[in-house]
Amino acid sequence: MITIDFNRLNIQPNDRILDIGCGEGRHTIKACQQKNTRCIGADFGFDTLIETKKKLDFHKSLNDLHCKSIDLSRMDVTCLPFCDNSFDIVICSEVLEHIPDDKTAISELARILKPGKILAVSVPRFFPEKICWLLSDEYFNANMGHVRIYKKKTLIPEIESFGLSHFASHYAH
């Protein structure tokens, strides 16, 4: 499921887009469908990057990728290998709830984002997430499972504490 509203991203030709924690590539593929972008899909898991590559190859065969370049790389969101102010758009969808040191992760996302550009973050909604935690210990005890539940009223100030400004919110599911 696409949790980021691409219509709000104001994507321009030549924009550099990072989808960090890309998983199997749903947002990376959507970013690559935008005209003349330069896209990077990155994840901590190598197996998920292999799945992303397969899906990108399939979309290439359909001729529905319009980006200038696509790169996939394994990396850790708490220690990103990019210079400051490297990206026009950073997508971090359904990732932060998995990261023990989310403050360092948010700091890194803010660091690599160009001033005035867009960091698009999505996390699970509080109430459905709380139900999942109550129903199953495996849900949050799994390797790379969810380590926290966010509330909108605390997540937004946390992100803003790193010099970013909130401009929109929506619910995807």
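**Exercise 1. Which residue in S5 is the bridge partner of Cys 92, and in what order do the strands of the sheet stand?**

*Solution.* The model is a predicted one, in which local features need pLDDT of at least 70 and side-chain atom pairs count only at pLDDT 80 or more, while totals for chains, interfaces and linings use all residues. Residues are numbered from 1 along each chain as its sequence is written, and side-chain values use heavy atoms, with hydrogens and water left out.

Step 1. The bridge partner of Cys 92 in S5 is Val 121. Strand S4, residues 87–93, pairs with S5 in the parallel sense over 6 bridges; two strands pair if DSSP finds at least two bridges between them.

Step 2. The open sheet is formed by 5 strands in the order S3-S2-S1-S4-S5, with parallel pairing. Strand S3 (69–74) and strand S5 (113–122) stand at its edges, and because each has a single partner strand, one side of each is left without a neighbour in the sheet.

Step 3. On average, and with direction ignored, neighbouring strands of this sheet are turned by 15° against each other; axes are lines fitted to C-alpha atoms, for helices over the stretch in contact, and angles run from 0 to 180 degrees between N-to-C directions.

**Exercise 2. Place the sheet within the succession of elements of the protein.**

*Solution.* Step 1. The secondary structure comes to 6 helices and 5 strands, where helices (H or I, at least four residues) and strands (E, at least two) are DSSP runs numbered from the N terminus.

Step 2. Read from the N terminus on, the elements run β-α-β-α-β-β-α-β-α-α-α.

Step 3. Of the contacts in the protein with a separation of 6 or more, 73% are accounted for by residues 24 or more positions apart, contact meaning heavy atoms within 4.5 Å.

**Exercise 3. Describe how helix H3 packs on the sheet and which of its residues are buried.**

*Solution.* Step 1. Helix H3 (residues 102–112) touches strand S1 (16–20), S4 and S5, and its direction makes about 140° with that of S5.

Step 2. The buried residues of H3 are Asp 102, Ala 105, Ile 106, Glu 108, Leu 109, Ala 110 and Ile 112; buried means under 20% relative accessible area, exposed over 50%, and partly exposed in between, with a 1.4 Å probe and protein chains only.

Step 3. The cover over these buried residues of H3 includes S1, S4, S5 and helix H6 (152–160). For the protein as a whole, 40% of the 173 residues count as buried.

**Exercise 4. Trace the salt bridges that involve helix H3, and set beside them one in helix H2.**

*Solution.* Step 1. The whole structure holds 9 salt bridges, each defined as a side-chain nitrogen of Lys or Arg within 4 Å of a carboxyl oxygen of Asp or Glu.

Step 2. Glu 158 and Lys 103 meet through their side chains in a salt bridge of 3.7 Å, N to O. This pair links distant parts of the chain, with Glu 158 in helix H6 and Lys 103 in helix H3, 55 residues apart. Glu 158 is partly exposed at 21% relative accessibility, and Lys 103 is partly exposed at 46%.

Step 3. Within helix H3, Arg 111 and Glu 108 lie 3 residues apart, about one turn of the helix, and their side chains form a salt bridge of 2.8 Å, N to O. Arg 111 is partly exposed at 24% relative accessibility, whereas Glu 108 is buried, with a relative accessible area of 11%. A network of salt bridges links Asp 84, Glu 108 and Arg 111.

Step 4. In helix H2 (residues 46–61), Lys 54 and Glu 51 are 3 residues apart and therefore separated by about one helical turn; their side chains meet in a salt bridge of 3.2 Å, N to O.
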